[in-house]
2 protein chains.
Amino acid sequence: MLTYHFRNKKEGSLYDQLYAFLKEDILSGRLEADYRLPSRRAFARNLGISIVTVETAYEKLEAEGYIYSLPRKGFYVSRIDRSFVGAGEGAGEDPPVPFSDLDRKEDDRIVYDFASSSTLPELFPFTAWARIMRSVISDQSRELVERAPGGGIRSLREAIAAHLLEFRGMQASPGQIIVGAGTEYLYGLILQLLGRDRLYAVEDPGYSKIARIYRAGGTGVCHLPVDREGISVKALEERGADIVHISPAHHFPTGTVMPVSRRYELLGWACAREGRYIIEDDYDSELRMDGRPVPTLRSMDPADRVIYVNTFSKTLASTIRISYMVLPVKLAERFYRELGFYSCTVSSFQQYTLARFISSGGFGSHINRMRRYYRKVRDALLHEIQASPAFSGCRITEEEAGLHFLLETGTSLSDRELKERALDFGIRITCLSDYFLDPSDAPGGILLVSYSGIRPEEIPGAVGALGQVLSLQ
Amino acid sequence: MLTYHFRNKKEGSLYDQLYAFLKEDILSGRLEADYRLPSRRAFARNLGISIVTVETAYEKLEAEGYIYSLPRKGFYVSRIDRSFVGAGEGAGEDPPVPFSDLDRKEDDRIVYDFASSSTLPELFPFTAWARIMRSVISDQSRELVERAPGGGIRSLREAIAAHLLEFRGMQASPGQIIVGAGTEYLYGLILQLLGRDRLYAVEDPGYSKIARIYRAGGTGVCHLPVDREGISVKALEERGADIVHISPAHHFPTGTVMPVSRRYELLGWACAREGRYIIEDDYDSELRMDGRPVPTLRSMDPADRVIYVNTFSKTLASTIRISYMVLPVKLAERFYRELGFYSCTVSSFQQYTLARFISSGGFGSHINRMRRYYRKVRDALLHEIQASPAFSGCRITEEEAGLHFLLETGTSLSDRELKERALDFGIRITCLSDYFLDPSDAPGGILLVSYSGIRPEEIPGAVGALGQVLSLQ
């Protein structure tokens, strides 16, 4: 009779093991089609296990079609098409990809990371999120697998509209809100909506990924200088750009808040010609810690020329791929007409979870907690820097910034030397010049201190190490 | 003293209600900054509730920054920036979007849907999936919010590689597998990878969304005729296409399986010139019910010119937005070099869940269950049709098809009349001509009977109604 040797229970229950043994033997052909399996009783006795265990394994194999039963006769092996089982063994191995994102390794010298824009995993509101996920699993199992609107499920878009009103004082109808898997994906949709035969202007300095995405999307991109008030409208006119992508509430990396005068100048530019649009990237407005909240450009714009984009990556976690945009009515119409065939890229499960998290008030509370947490980290960091003589020649530019500030070091080192030396001291950091299209346009020796990746207990060590870097010159 | 009137407990616990009352009064300004809140004891007595309830509400408000405490003095209202609270009320309402995907309504005449490609919600393996989700929540909370590779998390890509070997006899290294939120998103990535200055060929007849996506992506698309063996290689040469998108294992909607000779002809075409690629859309290969499994084109191709694309939408649920592609080594290298900056569009949570579902064997069992289920539905449907005299003049073309077959009705009605009349009988159905670029190229009177949206108990009613439609002519 068939005999199998069970392994330690850690490798699976007896039932799991028996099921796997039989399945393997059926797939490999060792048990041929129509072979009659031992009776449950005899098999159980032979293997020294309970009849129920054999029964359960047989039932599962039958349910999955590996075996079949004849009334009052017993269980038999099904005829399985095995033409592909193990076929891979014969096929030539693919040559390995010389380099993939799975091989990437962090520089193991890094102890303190001032260059990360990721949120720390421990700040994610895991308990609340998991509780809501569980209740979505039990209450909404049906909706989770039913066809959902391409722009996102209704309850999430309504929750976002309510959130925008409460946190940004901005009106938007759920039909104007389009949910997508990350802002990168939404930029791609915007390109399809506005066309690739247009010139897109981005900020210089700025977040370089934005230009890369537009370029990969197949459109022309120009970099326009940013002065103390934001992007230059004059340059915008001169270059003949049609679309401009900006972050007026908080420019990255300088932290500049665009003043009202420049905002109106920009809105004037947008209205002056048909087809001009402003993409307002409000990426970290919710994490503002000081000063008055800055109104959105969109809420100042009666002409409806602003596409508002925001994300939950900063406020929740970068691996929660949920972002949204608010389209002008005219573009929303065009979206439904021309791009309405796309399915939403966010799974319904995540959408229902986030919708409940927002509408239950959990998201609002979480934002308040994050603000208080980051304010504490920033204050501790500034205090430590100001107390250390190594930083006596330094100047800090804050501009009510979000999760980073600029540190003018006055060093005589080149930016490259500065970053290399910092790495020797365990610090990863970037310089302002890293965000310029042409680094030689940038003033040297200015560090971008981004503290969303630094834990409070690391601050003394991190500042001490940075002080040593600066003292060495 | 402050007095609030509690509502029925159904509207929230006393603690929740007190928290909400106070928060509202603080946000509205009715309680001014630095106002001293009643002592816990006095407030509890006044409201007729327990001290603990007041304490808990105060603690939450303090944690969120609405109030602050002074040791041995009590609790005070924080200075809240209220400039945006309620600002929306003043702002002009956005005009509503005249039409959005939230307004869409199904035709309420539809009782039997033979035109849906969605899976039925009740077939989703909810219990197993929810169990895995729960274990991911408890075991992998850290990984869930940590930065993940752009192509997908390692364990999912390894699980997919193992699945491809087991179910499709195909070798692929995890570094060649790119995970994305739906095949529509992946087609967009392919466009960026191969370039928009290329001509993409699609099948005619075919799934019209594919051409729409390529066109929305900004590239030229040509429709090539499909004969009994698949897309015409001669037409491909003549039109000068560079890329061809096909489903060789199971053409939609005709169900044709591309024979080996045509496959080699196509591979020969791809190798004849640098930069030619074949996109192999293997959308429903796992749900094949009869006949020998058809090998993938990719596994026949030593020249590495095939981009293999597949999805979990058909096997799991259309709202699970997870698809993947297997890139040729050369394109994988290009992907990491040029598009490696993109973040993965699928949340880590869904990726970890699916990885475990596959590697635990749950996905394999699910596929087997689905195959058996759909075989039963199809057999019942065919049986019902063959037993009904209303279908005596009809011919069924199956070609070992996946979840649909063609029904030649021999009717004298036009396809438009046929569909309209079917709707009057509660049936939504499409005709073969709906999938032709030019419907007049198509033979008339051929229905596409897609049964993934029909429940077994609906079959007699659905076939009866369809019989009536056909008898009326």
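Let me start with helix α9 of chain B, residues 208–216. In this predicted model, α9(B) lies across β5, β6, β8 and β9 of chain B. It runs at about 160 degrees to β6(B).

Now the sheet itself. What is the strand order? Chain B has an open sheet of eight strands, in the order β4-β11-β10-β9-β8-β5-β6-β7. The pairing is mixed. Look at the edges. β4, residues 177–180, and β7, residues 230–231, each have a single partner strand, so one side of each lacks a neighbour in the sheet.

Take the β7(B) edge. Its partner β6(B), residues 220–227, is joined to β7(B) by two bridges. The two run antiparallel. Asp227(B) stands opposite Gly230(B) there.

A second helix sits on this sheet. That is α8 of chain B, residues 183–194. It touches β4, β5, β8, β9, β10 and β11 of chain B. For your viewers, β5 is 199–204, β8 is 243–246, β9 is 277–281, β10 is 306–311 and β11 is 323–326. The direction of α8(B) makes about 160 degrees with that of β10(B).

Next, a hairpin in chain B. β1, residues 67–70, pairs with β2, residues 74–77, in the antiparallel sense. Four bridges hold the pairing. Ile67(B) faces Val77(B) across it. Which residue of the hairpin takes a positive phi? Arg72(B) does, near 60 degrees. The hairpin has three residues between its strands.

Over to chain A, and a helix pair. α5(A) is residues 126–139 and α13(A) is residues 348–359. Their axes come within 9 Å and cross at roughly 120 degrees. That angle is why α5(A) counts as oblique to α13(A). The crossing is right-handed.

Who makes the contact? From α5(A): Ala128(A), Trp129(A), Ile132(A), Met133(A), Ser135(A), Val136(A), Ile137(A) and Asp139(A). From α13(A): Phe349(A), Gln350(A), Tyr352(A), Thr353(A), Leu354(A), Arg356(A) and Phe357(A). By class, the contact of α5(A) with α13(A) has ten nonpolar residues, three polar and two charged.

Last, the two chains together. How does chain B map onto chain A? Chain B superposes on chain A by a rotation of 180 degrees, with 0.0 Å of shift along the axis. The RMSD is 0.2 Å. The two copies are therefore related as by a two-fold rotation axis. Both copies use the same surface: 98% of the contact residues of chain B recur in chain A.

Notes
Residues numbered from 1 in each chain as written. Chains lettered and ligands numbered in written order. Predicted model: local features only at pLDDT ≥ 70, side-chain atom pairs only at ≥ 80, totals over all residues. Heavy atoms only, no water. Pairing = 2+ DSSP bridges. Least-squares fit on C-alpha atoms with pLDDT ≥ 70 in both. Contact = heavy atoms within 4.5 Å. Axes fitted to C-alpha atoms, helices over the stretch in contact; angles between N-to-C directions. Parallel < 35°, antiparallel > 145°, perpendicular 65-115°, else oblique. Left-handed = near helix turned anticlockwise from the far one by under 90°. Nonpolar A, V, L, I, M, F, W, Y, C, P; charged D, E, K, R; others polar.
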